[in-house]
Amino acid sequence: MGSRDAVELREAYEELSVEPGTAPKKARRAYLRLLKKHKPETDPEGFQRIRSAWERIKDAPEWEVESLRRPPLEDVTAEELAGGTPGEPGPPGEAGEGAPKPAPSWSKPERSWAEQVKLSHEGKLFDRAAPKPASPGPVEPPPDVEPGTLAWFLEKGRFASDAERVDIAREAVAALPTDPEAWWMLHEALLVTNRITEAAAALRDAHRRGLEGFLEPLVRQHPEHVERLELDEARRAAREGRLSPLAVANSFLVRGDAETAGAVFRDAFDDDARAPTVHVALDFVLRLARAEHAGVARECHERVARWLRETGREVEIAGSAVGVTYALAQELAALPLGFPPPVRAALAQAILDGDPAFAVPRLASWLDAQPKETKAVEEQLLVHAPTLHRALRPAFQMHAAAEVNRADGLPPPPRPVGWTGSGGGSWGEAPARPPASSTKKDRYLNFAIFAVLAVVALVAVLVKMNAPPTPRYRLPDLPTPTPPAGRGLTSPTEASLARMGGAADAICRWDRESPECAQASALADALIIGDCSAARTARAELAAALDSRGSRPPGEGALDSPDSRPIATILMREQERLLASGLRRHCAAEARTSP
Amino acid sequence: MSDVIPFPRRPAASPSDDDAPSSAEGAVVGIDLGTTYSLVAVMRGERPVVLSNGIGEQLTASAVSFDEDGSVLVGAAAKARQASHPDRTAVTFKRDMGTEKTRTLAGKTMRPQELSALVLEQLKRDAEAELGMPVVEAVVTVPAYFGDLQRQATRDAAEIAGLKVERIINEPTAAAMAYGLHQRDRELQAVVLDLGGGTFDVTVLEIIEGVIEIQSTAGDARLGGEDFAEALAEKLAEELAAEHGADPREDERAWARLLDAAEHAKRRLTTSTEAAMVVPGLRLGEAEVDVERALTRDEAEAIWQPLLARLKTPILRALRDAELEAGDVEEVLLVGGATRMPCVVDLGAKLFGKMPLSSLPADEAVAMGAAVQAALKKGHEAVDDMVVTDVAPFSMGIATASLMGRQQVEGLYTPVLERGTTIPASRVQRFFTMGDGQKEIRVAVYQGEHSLCKDNTRLGEYVVKDLPNESAGKVAIDVRFTYDLNGILEVEMTLVGTERVEHMVIERTPGRLSAEEIAAAREAMKAYKFHPRDTLPNRTALARADQLFTELTGVARDELGHAIAVFRSALETQDPKIIVRVRDQLGALVDALRRAHR
C-alpha cells in the first residue's frame, strides 16, 4: 500500500488550526469546515493539504495523540540496565519503599541514598581526594553525639581507612540490626574495599531480617550473588509489580538460568505500565542471543513483537534507529535452530554494536574452519535473514574466492586491512624444487632438468600473467536480474512464508527421498501459493509419515544413520510444529476474510 | 419492447429559462447514460430538472435501430424494433463498454462506444430543443464499479458525439448529491443502493457540517433489473424445452419475446402478487405455441434467490470499507428502477433494520445528481456552498516481484493508491531492484483489487532505464500515483538519491480508441441521419404498433392492422391535427390490447 507524504502529527493539527492533541472527532469538524474554503473542485492543492492533515490525525493511534498533550516519557539506556541504577520509571509500589531519604554518609549528608549507592559503586563516595588528617584511624566521636547511634558510628569512621570503616560498619550493624541505614553503611564500606561477595551478603542479610528495600538493589547490583531464595522472591515481586522485571530477568540470566530469565522477561509485558522501553527490551533479547540462548531469545522476541503490535508502538520504532536493530533482531530470531551458535553469537554482538557487517571477519574465519557448512549457512541466511545475508556477503565472497584459489594452488586473495580472521588450512604449496645433486655429471643433468623446469615454470608464469590480473574466483550464484520492481524488505507474512520454506528444507536435509521431505515441501509450497486445503492434506500426510518413521529404514542418500535417527526425528518434529503453526496462522486468516 | 411504463407523462418544460448553467457557448447538462434508459437533466434555479425527449418522455431507451431508409432511431422506437427487427437494432450495449465486442446492425459493425455516442447525440439534440440553446458540455455518470477502461470508453463515446465531457462521476455519488442537495442542514449517515437495468452500485456517505462525504463505493457491474427478468425467462424456457423438446433460446426472436414477457411479468409483480408471462404464437422449433405461464410473487422470489444473495456482497463490502456496521446507517436510499421490486426493498430493510426510502424518483435521481455536479463544476450559485468529496472507485498499483520462500515470484500486484481513498489524492511507494546490476525497472500500472496482476486490468507501462550499477535492493525508485477528480492517473517515478524524475499520464491505454479512430467515428457519426424530431412521435407510435402486431393473433390482430392502416393514411394527409388525433387513437388501442393480453 502506498503511503501518504509524511506529515508530523503536530503539523497536521496546526494545518487544521486546532490545538494539538484534540480528539479526532473535533479535528474532523475543523477539517469539514475548512473544506468550504478549499473545495476539491476549485482548490485541489489546498484540499489535499487539509485532507492529508485530517487523515494523519484520523489514523494516529491513541497513544500518539495523547503524547502531544503531555510531555514525553524518559528513556533508559542499556548501560543503565547493565549498571543497575534505578534510572527508569519504577513500577508502581516501589515509590513508597525506596523513597529517597538521607542515608548515612561520610560526606555530604543531603545526597539521596540512590545517589550514594551509585557513587559508592564507583568508589567516589569517600573523598579520597580530600586530604586526610595526619593521624588516620578511628577517632573518638565528639561527646555531644550519643554513643551507640548511627551518627556516633559515622563520626567514628570519618577519618578512618577503608578497611577500618568496614569494621566500624560491622559494629554498627551489630549494634543496630534493625536500622537499614547501618546496613547501607556496611554495604558501602564493603564495596569500596572491593569485597563484593560480602557486600552482597550484607544486603541479603538485611533483606532476610525483613528490612524493606534491599531486595531490588541486591538483584540489580549483585546478580551473581543472589541466592535461589531471593531469586524466587524477586520473581514473585516482579510479577506483582514491586520490582523491576528486567532487573530480575537480568539476574537470572547472569546466573545462567536463561529459561527463567526469559519467563520473567515475558511476564513484564503483560502489564503495559510495567513494560520496559523498546530499547531496553530489544537489548535484552540481543543479549540472550549473544549468550547463545537462541530458543529463549526467540520466545522473548516474539513476546516483544506481540506487545509492540498490541500497544501500537510499532510506529515508534519505524522512525528511529531502533528500527534497524529491530528488523535485524527479527531476522536473527528467525534463523533456525541448526544455525551455528558461534556465528549467531557473532551476529548478535555485531547488531548490538550497530552494524551486522562487523561480524564479517568472524564469519569468514568460521567458514574457513568449517568449509563444508558454507552452503548450509548461506542458504539459511538467504531464506531467513536476507538483510543479514546482504551485509555478510563479503565474507562468503572472500571464502569462495579463497576456496577456488586454493584449488588452483594460488594464494588467497588479499583480505582487507584490519581483518582479524585466521585462515584455516594451508594455502597451496611452493612449486617442487629440483633435488640437489653431488656429481658434476649429475649437476649438468640437474641443471638441464632445472632449466627445463624453469622454462616450464616461466611459461606457466607468462600464461598466468596473460590471464586477468586478479585471481580468478567464482562468485556465489545469485538470482538473475529481472526488470520488475522488487518489494524490498518482506512483510511479516512473507517472512513467515520464507520460514515455512526453510522448515521444509530442514526436514529434507536429512533424507531427500523420504515421504516426510515430499510432504513438507508440498505443505510449504501450498502455503506459499495460498492453497489451504492442499496444505491441510499435506500436513496430515506429514504427521502420518513422521509417525511411521520408526518402522522405515533410512534411504540411500539419507543423512540419518541408526545413531542419529532419534535426533533427526526430534528435529523433524520441531520443524513440523513450525509448519503446523504457520498453517494455522495463514489458513485461519484466510478463513476469517472469506465472506 | 414495452411501452407500459407506469410514469405520468410530464408536460414538456418551457424553453425559456436563464438559470441553466452555461459556458459562453452553450449549456452544461448532466447525463445518466444507463443500460436500459438514459436521461438528461439540467439545473434550474434551486432544483435539477429532467428534460423530455421527442415523444414527451423523460426516459429515453438506450436502444439504437436503423430504419429501412437508413436513418437512425434512438429511444422507444428503436426499443420497439428490437423484437421486430433484431438484426437492425442494438440494446444493452453498455455492458460491452470497455471491451472489444462489436455488434452488427443493418450491415454495419459498430463498437459500443459508437452506439453509446448515438444515444448521447440523441440526448444532446433533445436537450437543445428543450433549452433553446446549444449544448456543448456534459457531465456523464457511470456505475461506480466501472473500471478505468470502461470510463475511458464512455469518454470516447462522448467525444465521438461531439460533447465535451471532462467529468465522469459515479452513479451512486450522483444520486447521493441529488439526495443531499436539500439535506445539507442535517447530519446523517446514509447508504445509497442503486439497482439499475444492468448494474448495481452501493455508496456509503455521510452528510456532516454541510459536506457530503462519500466514504466508500462497491458494486456489481453485471447485476441489474434485466437479470431478474432474464431469470424468469430462463425458467420458462427450460420448462418449454422440457415440454416441447425445442429450446426457445435458440431462436433470437423467440427469446426476445420471452424476455419481453418476463419483463412485463416482473413489473406486474411489483404491484400485485400474481402475474403471467404471455407469449401468443411463440415459435418453438417447427410449431407455434401459445404460452401462458402464471407466476406468483413467492415463486418469482424463489427463482430470484441467487440474485438477491449477490446483492448482499457489495453492500457488506462497502460497509466494511467505510468501517461501519449495518446498524450505524441511519437512512437507506433506493435509486434505480429495479429497486421498486418488493424483494429488493425487503432485503434492504432486513439488512439495515429500517425501511428504505425512495424519496427521489427512482429513475431520475442519477440524472438529477449529474446536473447538480454540472452546476458545481461551473460554480453555479445555487450550489455555491455545497461541497462533495468522492473516493477512488478502484485500487491502482504496479506489478512487483517478491522473494517468497525459495523462489522469486513475479506478477504480484502491489497497490499504490487504494480504492476508497478520498480524491484528489497522491500516494507514494518505494520499490527496489531484484537483481545485482539491474539496469532497468519496469513499472507496469494496473487497476483492480486482485492480488495477481493477471486478474487485474493493465493501464500502461513505463521502463525506467539506466539505473546505477549496484547490488540487488540498493537501487530504489519512488513511484507516486496522483489521481484527480476527472479520473486521470498521473504516475511520477523518482530515482531515490538523484534528481531524476520520470512522468507518465495514463490516458490512452491499450484497448482504447486512438485519436484517429475517434475522429473517424466522429465523421461517420456526422453522416448518420437522425430521424427528424417532429416526426418522431409518429415513428414511435408506428413502431410500437408494429411490435404488438407481431405478437397478436386472431381478431385482435385484425383490428390492430386496420388501425395501423388508418394511421398510415393519416400520415399521407400531412395534416398535423388529423395525424395527432389518429395517433392518439392508435396509442390507446395499443395500450388496451396489451392490457387485455396480460
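In the predicted model, helix α4 (residues 171–180) of chain B packs against helix α10 (residues 365–378) of chain B. The axes lie 7 Å apart, at an angle of about 80°. Angles of 65 to 115 degrees count as roughly perpendicular, and α4(B) and α10(B) are therefore roughly perpendicular to each other. From α4(B), the contact draws on B:Glu171, B:Ala174, B:Ala175, B:Ala176, B:Met177, B:Ala178 and B:Tyr179. From α10(B), it draws on B:Ala365, B:Val366, B:Met368, B:Gly369, B:Ala370, B:Val372 and B:Gln373. By class, eleven of these residues are nonpolar, two are polar and one is charged.

Helix α4(B) is also buried along its length. Ten of its ten residues are buried, so α4(B) is largely enclosed by the rest of the structure. The buried set includes B:Glu171, B:Pro172, B:Thr173 and B:Gly180. B:Met177 and B:Tyr179 are buried as well, and both take part in the contact with α10(B).

A second buried glutamate of interest is B:Glu114, in helix α2 (residues 112–131) of chain B. B:Glu114 has 27 C-beta neighbours inside 10 Å and therefore counts as buried. Leaving aside residues up to four places away in sequence, B:Glu114 touches B:Ile160 and B:Ala521. B:Ile518 is 404 residues away from B:Glu114 in sequence. In space, the C-alpha atoms of B:Glu114 and B:Ile518 are 9.1 Å apart.

Chain B also contains an open sheet of six strands, ordered β17-β12-β13-β14-β18-β21. Its pairing is mixed. Strands β17 (331–335) and β21 (422–423) of chain B form the edges, each pairing on one side only. At the β21(B) edge, two bridges join β21(B) to strand β18 (residues 387–391) of chain B. These two strands run antiparallel. B:Asp390 has B:Ile423 of β21(B) as its bridge partner. Helix α8 (residues 305–321) of chain B packs on this sheet. There, α8(B) touches β13 (200–208) and β14 (211–220) of chain B. The direction of α8(B) makes about 140° with that of β14(B).

Another open sheet in chain B has three strands, in the order β6-β5-β7. Here the pairing is antiparallel. Strands β6 (72–74) and β7 (89–91) of chain B stand at the edges. Each has a single partner strand, so one side of each is left without a neighbour in the sheet. From one strand to the next, the twist averages 15°. Strand β5 (residues 63–66) of chain B is joined to β6(B) by three bridges, and the two run antiparallel. Within this pair, B:Ser65 stands opposite B:Leu73 of β6(B). Helix α1 (residues 76–84) of chain B packs on the sheet and touches β5, β6 and β7 of chain B. Its direction makes about 75° with that of β5(B).

In chain A, helix α15 (residues 258–268) packs with two other helices, α17(A) and α14(A). The axes of α15(A) and helix α17 (residues 294–311) of chain A come within 9 Å and cross at roughly 0°. That makes α15(A) roughly parallel to α17(A). The residues in contact are A:Ala258, A:Glu259, A:Gly262, A:Phe265 and A:Arg266 of α15(A), with A:Val296, A:Glu299, A:Cys300 and A:Arg303 of α17(A). Four of them are nonpolar, one is polar and four are charged.

Helix α14 (residues 245–254) of chain A meets α15(A) at an angle of about 170°, with the axes 7 Å apart. That makes α14(A) roughly antiparallel to α15(A). On the α14(A) side, the contact involves A:Pro245, A:Leu246, A:Val248, A:Ala249, A:Phe252 and A:Leu253. On the α15(A) side, it involves A:Ala258, A:Thr260, A:Ala261, A:Val264, A:Phe265, A:Asp267 and A:Ala268. This contact divides into eleven nonpolar residues, one polar and one charged. A:Ala258 and A:Phe265 of α15(A) appear in the contact with α14(A) and also in that with α17(A).

Confidence in chain B averages a pLDDT of 85, and 93% of the residues score at least 70. Over residues 1–19 of chain B the pLDDT is below 50. Beyond near neighbours in sequence, that stretch has 29 contacts in the model. Where pLDDT is low, the predicted coordinates should not be read in detail. For the complex, the predictor gives an ipTM of 0.78 and a pTM of 0.54.

How values were computed
Residues are numbered from 1 along each chain as its sequence is written. Chains are lettered from A and ligands numbered from 1 in the order in which they are written. This is a predicted model: local features need pLDDT of at least 70, side-chain atom pairs count only at pLDDT 80 or more; totals for chains, interfaces and linings use all residues. Axes are lines fitted to C-alpha atoms, for helices over the stretch in contact, and angles run from 0 to 180 degrees between N-to-C directions. Helices (H or I, at least four residues) and strands (E, at least two) are DSSP runs, numbered from the N terminus. Angles under 35 degrees count as roughly parallel, over 145 as roughly antiparallel, 65 to 115 as roughly perpendicular and the rest as oblique. Two residues are in contact if their C-beta atoms, placed from the backbone, lie within 7 Å. Ala, Val, Leu, Ile, Met, Phe, Trp, Tyr, Cys and Pro count as nonpolar, Asp, Glu, Lys and Arg as charged, and the others, Gly among them, as polar. Two strands pair if DSSP finds at least two bridges between them. pLDDT is the predictor's confidence in each residue, from 0 to 100. A residue is buried if 20 or more other C-beta atoms lie within 10 Å of its own, exposed if 12 or fewer, and partly exposed in between; C-beta atoms are placed from the backbone.
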